[in-house]
Amino acid sequence: MTVYHIPLLALSEQETRRYAGLGGSASFPGELVASACGDGLLLAKPRATWKRYAYNRDRQIIHAPSPALISSRDVAAHLQAAVEVAVLAVTIGPQLEKEVTRRFAAGDYTAGLLLDAAGTTAVEQTADEACKYLAGEAARAGLGCTSRYSPGYGDWAVEEQPSVLTLADGAAIGITINESCILSPRKSITAVIGLAPAAGPTPAGACRSEGCASCRLPNCFARKEPRA
Amino acid sequence: MIHLFDGAMGTMLHQSGLPTGACPEGWNLTNPAAITSIHRRYVESGADIIETNTFGGSRIKLQNYGLEDQVNEINRAAVRIAKAACGPSTKVAGSVGPTGQLIAPLGELAFEDAYRAFYEQISALAGGGADLIIIETIIDIQEMRAALLAAKAASSLPVICQLSFGADGRTVTGTDPRTAAIVLEAMGADIVGANCSLGPAQLVDIVSALAKACSKPVSVQPNAGMPRLENGQTVFPMGPEELAAWALKLIQAGATYIGGCCGTTPDHIKAVRQALAAAGSSAARTVQTATALTSRSRTVQLGPGSPTVVIGERINPTGRKTLAAEIRNGSFAMVKKEALAQVRAGAAVLDINMGVPGINQPAAMRQAVEELSLLTDVPLAIDTTDPESLEAGLRAFPGRALVNSVSAEPERIASFLPLAKKYGAAVLCLPIAPGGVPATAAERLEVARAIVEAAYLAGLRPQDLLLDPLVLTVAAEAQAALETLETLRLYRRYFGFPTAMGLSNISYGLPRRDIMNAAFLAMALTAGLDAPILNPYDPLIQDVLHSTAALLSHDRNGRRYSETYAAHTAPSPEQDIREGTADILARIKQAVLSGEKEAVPELIQEALKLGHSPLGITEQALTAAMNEIGEAFGQGRCFLPQVMLAAETMRSAFLTLKEALPSLVAQTAGTVILATVKGDIHDLGKNIVAALMENNGFRVIDLGKDVPPEKIVEAAAAEKADCVGLCALMTTTLPQVNITIDALRGAGSPAKIIVGGAVVTEDYAAAAGADAYASNGVEAVKLAKKLAGIKN
């Protein structure tokens, strides 16, 4: 198991604007977004951990100590070329969300909203950085990585979140889960990444962020691209 | 002369029958003949340096196989086996690979644990008779630093430091070849290089960058091309002839030590040997040896010809009680905040001073350096008079730091210079003599000369040195500024090293110190100051830095200056009109619309003074503004953060009104209970709704998140709620919406029920028995007003 404290040197203001629902609005004061991103950097404690398992793509089984069957068709398609999977968990810790709550209670609604968005940016960037690390590791063995795929994407039921968290050993970085399959700290992500022969057939989803294309929320304010 | 390493060991071991999952280094004890035979094949192929079979021979790696107690035996045996295969001129390099873990704070492995493991292994390799040590395939500069420090402490053998770079030209943890070369050469690496991860084609640029950035020989050991997985096996596709052709290109790029990594075999080495014989010697090399500081991932060059480097002075608790208190209680929030803000204000280096009396300063310095190395990518200056704090900071910093500073006092010379040498730091020489502060420039030059000579004796190089001209207070010493400026000129004439100095001492005791500091900065920059230590937030300082950059030709034709200052225009007449003449209610409305939270209380006071009634202000200005912004939001003309800014301004306005007329408190549009349903811990959306409801005149009882139905029923009855708003964000918590609605209805609650949340739909809300579905906060307010019978 690897625990990686991801250094984030900057949070994307553009992404933060998007998560805050600012869309393409250019008139909103940029310094408020910049300040939220700065505070986000100070409050986030970005950590990642993952485990790699052999994967049987024909039977869709992850060969963990307790083998896990992938029942989602979308995940199976995402992993169609994979010979291994990495199960990833990342979090930025609880401090940022506490500050968001405090800000709302104090009437600093905008700063609260923007900090929450900066937190989303931070956890997404943490996951992206972890994937980069993983890609480097995989490349040394001649493997390429698919994009990350999380419970709740496509037809992958969020009810599978507990087993994904266990496979990733998310507890090692302090992530817990409640009976409704919600992760704590809230700004946490789990995901599966397929590792497939780099020179083989192009792995599904490689070099392409699944992101919005497979999401079932049609009217999300943060949507970047049309629904697939 | 070109030196030829051997090729892969792992590839050969598997060909010799090492079972998958077995410990390769274990064979040094159980199957030495197989290892000797591999070495011999490489020697016969023409290798003149062979590497021991100890890549995973550290305690940390061996414990994966339960062999951690045999570090000494395994490593010594490996050297013995290699020696047995050597020809008369073959050298044996003791191979040291990575621990496989990341060093804290990036990972969990303590720097000292890594250091001890490397020290133990390298002691065994050196004790066994290795001719040199090769630390290889390292992906993190901090792990390399631990290993190199251990190698220097455990033996006096030459050390080769090879990192692994990715396709983006950086190591996994972000170090580029130039930065790596600067850090490792300064720390005493004898050869720097790259191996593994990439094929030879991708390594040409990396070798070239290494060769330009340091004066040490460069080594390279590429894989046999980029790996592929074929039938479950990792395959390296490049044949011997092709690798040999690339080897010549790597030599052209500056390498003088060459070999092979994964996938290379004796045949590859033989082909390279033949190509070398045909092609001859190494390429001519141009090395740029400038003074540079680095972080893990960034190099900052200083000195004549380079742009001014601002060293941010703000992380210093002297005279700053809050900062001192935070450092004392172990919270570094303010330190981190100052770091980010200074970098944003243009600091390229951060000075770190942890001089709080009575605390464990070395521990504080270590923590500050660790925290900041995760947060920023600028080099640090370790500012201390305590050798232990200095060592703690230098050890923890994954780059080349600046030591601030070394005076000519014997105890500083004796303790600080060797630490700078050991950790590859640069040194700021401060011309304070044992007898006191020299007054004239000529005296300062002489004291500086003594420090420089001591630094050379301690093994430091010219590019390790910076000079401080010393700044005294002009209010106390009339000649203070002139002597400093003259010292800068003499330094430039006689040494040419970069200069750095703290600026603000000059203005001590004077009013408007910023003016004095800014003027002095401009003068010092022309006299030869390269790196002022200053407060980068100061606007006048910023102005001087921007303008002098253009004047000193670091900002060609003032392009950046223009970009920065072109936007600074006079206030627009439109703004004047708005502020001056418009009707007060229109101005309040405009203030809410544009979210001017700070401006609105004054406007409210003014409106009250002019005789407007609170009700009039509320209806004609505040509510009208919220309605307008709600409408704009509904039409996609404005966005949620703008609505929230307006709500904040509204809140500020209400608070001012309530202060003026407390009776307003009693008037509400109705009572709303809000809750995120049981099992769901998302509360941002619910908080937004609460804020908007409150600022539209509702009394809001926010029950929080994860609220069980019975608590909602109880509160609805107790508070005589007009409306209950329920929120669910997950498919897993949707059923709780139905359960809660049923409970409210079952208890006979007359409250209207509005539901919302990411996964809730209008159809779902209707089926669950809600009175309404709101897709966003603005709509929720509108619905609540409608359901409560309020018009507008």
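Two residues count as in contact if their C-beta atoms, placed from the backbone, lie within 7 Å. Keep that cut-off in mind and select Val427(B). Leaving out residues up to four places away in sequence, Val427(B) touches Val403(B), Val406(B), Leu417(B), Ala420(B), Ala455(B), Leu460(B), Asp464(B), Leu465(B) and Leu466(B).

Some housekeeping before you click on. This is a predicted model, where local features need pLDDT of at least 70 and side-chain atom pairs count only at pLDDT 80 or more, while totals for chains, interfaces and linings use all residues. Residues are numbered from 1 along each chain as its sequence is written, and chains are lettered from A and ligands numbered from 1 in the order in which they are written.

**Stop 1: the core**

Stay on Val427(B), one of the residues with the most contacts inside the largest nonpolar core, which has 334 residues. Such a core is a set of buried Ala, Val, Leu, Ile, Met, Phe, Trp, Tyr and Cys residues joined through C-beta atoms within 7 Å. Buried means 20 or more other C-beta atoms within 10 Å of the residue's own, exposed means 12 or fewer, and partly exposed is in between, with C-beta atoms placed from the backbone. Also select Leu88(A), Ile133(B), Ile135(B), Val403(B) and Ile588(B), which are on that list of best-connected core residues too. The element that gives the most to this core is H5(A), with 15 residues.

**Stop 2: the sheet in chain B**

Now show the strands of chain B. Helices (H or I, at least four residues) and strands (E, at least two) are DSSP runs, numbered from the N terminus, and two strands pair if DSSP finds at least two bridges between them. You should find an open sheet of 8 parallel-paired strands in the order S18-S17-S16-S15-S14-S13-S20-S19. Its edges are S18 (465-467) and S19 (500-502), each pairing on one side only.

Select S13 (311-315) of chain B. Why is S13(B) largely enclosed by the rest of the structure? Because 5 of its 5 residues are buried. S13(B) pairs in parallel with S14 (349-352) over 3 bridges, and Ile315(B) stands opposite Ile352(B) there. With S20 (531-534), S13(B) shares 2 bridges, again parallel; Ile311(B) has Ile533(B) as its bridge partner.

Next, go to S17 (426-429) of chain B, joined to S18(B) by 3 parallel bridges. Cys429(B) faces Leu467(B) across that pairing.

**Stop 3: Thr499(B)**

Select Thr499(B), in the loop between helix H18 (480-494) and S19 of chain B. Is Thr499(B) buried or exposed? Thr499(B) is buried, because 26 other C-beta atoms lie within 10 Å. Beyond its neighbours within four places in sequence, its contacts include Leu466(B), Leu467(B), Tyr491(B) and Asp530(B). For a long-range distance check, pick Ser663(B): 164 residues away in sequence and 67 Å away in space, C-alpha to C-alpha.

**Stop 4: chain A and where it meets chain B**

Switch to chain A, with its 6 helices and 9 strands. Of its 228 residues, 50% are buried. Now colour the interface: 46 residues of chain A are in contact with 44 of chain B. On the chain A side, the elements giving two or more residues are S1 (2-5), H2 (30-43), H4 (95-105) and H5 (109-139). H5(A) gives the most, with 8 residues. By type, that side of chain A divides into 25 nonpolar, 15 polar and 6 charged residues, where Ala, Val, Leu, Ile, Met, Phe, Trp, Tyr, Cys and Pro count as nonpolar, Asp, Glu, Lys and Arg as charged, and the others, Gly among them, as polar.
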